[in-house]
Amino acid sequence: MSEILPSYLAGSWRSGTGAGAPVLDAVTGELVTRTSTDGLDLAEAVRHAREVGGPALRALGFTERAGLVKAVAGAVAERKQELYDLSARAGCTRADAKVDVDGGFGTAMVFASLGRKGLPEGNVLVEDDETLLGRDGTFVGSHVLTPLRGLALQINAFNFPVWGMLEKLAPALIAGVPTIVKPASQTAYVTEHAVRIMLETGVLPEGALQLVSGSVPGIFDLLGGQDLVGFTGSAGTAAKLRSDPAVTQRSVRFNAEADSLNASVLGPDATSGTPEFDLFVGALVTEMTVKAGQKCTAIRRAFVPQDRVDEVAGAVSAKLAEVVVGAPGADGVTMGALVGVEQRDDVRQQVDRIREQADLVFGDPAQVDVVGADAERGAFLSPILLRSTDRSASAPHRVEAFGPVSTLLSYDGVPDLVEQVARGEGSLAGSVVSADADFVRDAVVGMAPLHGRILVLDRDCAGESTGHGTPMPQLVHGGPGRAGGGEEEGGLRAVRHHLQRTAVQGRPGLAQTLAGN
Ligand code: NAP
């Protein structure tokens, strides 16, 4: 695979022209593929979605389309090994690849199940009961939801080439909205293979799913008021796209999932030796090392009571010392590579910025022992634990080092904690590790306006907990402020996001008649 990575547009696989941008193996530095969209007709793809994919999807109903999602998710599940193998080239261990691949098809299956059980047949969803609008009861109103007639452009980040795609694609397809998937160039070859697997099932109507492998210059110019953009990536790119006239003037629905400085909090009750102390330390190490810390939900700020900083630093360092960095699949390796050397260098730079206001506790950003690969050719980095005692420091609350990096911070009571957490300006995920009900209540209520999701972890729920960093399809994923201000997942909310809500007014029973009941 070293020619130009194909795109699937308007019913056929096509490749852009020119030399393309190289995509290198995260472990060996070898060329994996090249991406180019030069010469590809994106306007034709947009038309194809609207004129072929949309009508074909809307010829089916919600529940039938949920059945299609189940079928394509099943195909990805059957061929997951192929995707694990490709993910290894992006630096992922088997465990990392499972988070993305199994997380992806699992999420799509949950959506399919929710859709089959919770949505009606047909294309009209009656949202609420009728409201009387006149004295005699002959004139009422309610809301119906119907599929938008445009397309969903789904722009994804490099770190979840399968999950990121499927968590957006599944609700769009169930809603009846055709999709153009635009993966991040660095890992587009993993997404491309997943799309191929889904298309090879032959169950999706033509035009329901298209793929652009590479950059998409000018595509926003083609979008209008019936279209949606689902974006996942950095806050900087989100800000740029959000200010495009497609969004500001033509009201394209724009949802952003951006980055955040997620916090985990150790409760005052959780002293050394308690299960909560161990849970906190374990979760922090997991979040730092899974996918080499390249997770939007990873813990970047670890808050502990003032008198426990040393203890936590020691316990976390001891666990990090057990981490074996190296080539995915090599003997004993527990943490793989970052997606590429540019990403590694970027993380080093961000660590330097944080270090201006924090001390290094564990790891050396410039040096790492690597098993089964060349430390310089591959994008390897040691886990890095920092510690900041300077209360005026801003970098730990602002700078996202998108790798295996976290900073230990201390707090003195709930008001101080909430004040400090707020300095992150909005996060996707937070956690409070404590069995003290009063502390949990005060901390969670204080932190809730700053978060899309909060995990409260204690000895009783730990066994079944899905962890700090794992968004669940049944629950909202997103966050305020810096986190993008959007919402994805959240069960059928994500389907409804692709539907237009229309107030219908008339005689009693009108909405049910429209729905064919
Ligand atoms: P990125 O550089 O912002 O890119 C994200 C996506 O936007 C890529 O597909 C990129 O395509 C595309 N893009 C860039 N400029 C564009 C433009 N002008 N028009 C249309 N598309 C454009 O982010 P990244 O480096 O891939 O991902 C890392 C960041 O994503 C981190 O900050 C992380 O926190 C965040 N993230 C957030 C979530 C979440 O759910 N909130 C999940 C994962 C990651 P190209 O690759 O082709 O440039």
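How many nonpolar, polar and charged residues does the shell around the ligand have? Let's take a tour and find out; keep in mind that this is a predicted model.

**Stop 1: the ligand.** Select the ligand and show what surrounds it. The shell has 12 nonpolar, 8 polar and 5 charged residues. Out of these 25 residues, the ones that come nearest are Asn156, Ser185, Ser234, Thr237 and Ala258. The ligand takes up the space of the largest pocket.

**Stop 2: polar partners.** Now pick Thr237: a side-chain N or O atom there is 2.6 Å from an oxygen atom of the ligand. Click on Ser234 too, where the side chain has an N or O atom 2.7 Å from a ligand oxygen. At Phe158, look at the backbone instead, since one of its N or O atoms lies 3.2 Å from an oxygen of the ligand. On its own the ligand has 920 Å² of accessible area, and the protein covers 82% of that.

**Stop 3: helix H7.** Select 235-242, which is helix H7. H7 gives the shell its largest share, 3 residues. Strand S11 also supplies at least two.

**Stop 4: the largest cavity.** Stay with S11 (228-232), as this strand also supplies at least two residues to the lining of the largest cavity. So do S8 (152-155), H5 (163-175) and S21 (486-489). Show Lys168, Gly230, Glu488, His497 and His498: of the 16 lining residues, these lie nearest the centre. The space inside is about 150 Å³.

**Stop 5: the second largest cavity.** This one has a volume of about 80 Å³. Its lining includes Phe158, which you can select along with Ser87, Cys92 and Lys291.

Terms used: Residues are numbered from 1 along each chain as its sequence is written. This is a predicted model: local features need pLDDT of at least 70, side-chain atom pairs count only at pLDDT 80 or more; totals for chains, interfaces and linings use all residues. Side-chain values use heavy atoms; hydrogens and water are left out. On a 1 Å grid over the protein atoms alone, a cavity is a set of points where a 1.4 Å probe fits but cannot get out, and a pocket is an open set with protein on both sides within 12 Å along at least five of seven lines; lining residues have an atom within 4 Å of a point. Grid points are joined across faces, edges and corners, and a volume is the space filled by probe spheres set on the points. Helices (H or I, at least four residues) and strands (E, at least two) are DSSP runs, numbered from the N terminus. A residue is near a molecule or strand if one of its heavy atoms lies within 4 Å of it. A polar contact is a pair of N or O atoms within 3.5 Å; within protein, one must be able to donate a hydrogen and the other to accept it, and residues adjacent in sequence count only if both atoms are side-chain atoms. Accessible areas come from the Shrake-Rupley method with a 1.4 Å probe; for residues, only the protein chains shown count as cover. A molecule sits in a cavity or pocket if more than half of its atoms lie within 2 Å of its grid points. Ala, Val, Leu, Ile, Met, Phe, Trp, Tyr, Cys and Pro count as nonpolar, Asp, Glu, Lys and Arg as charged, and the others, Gly among them, as polar.
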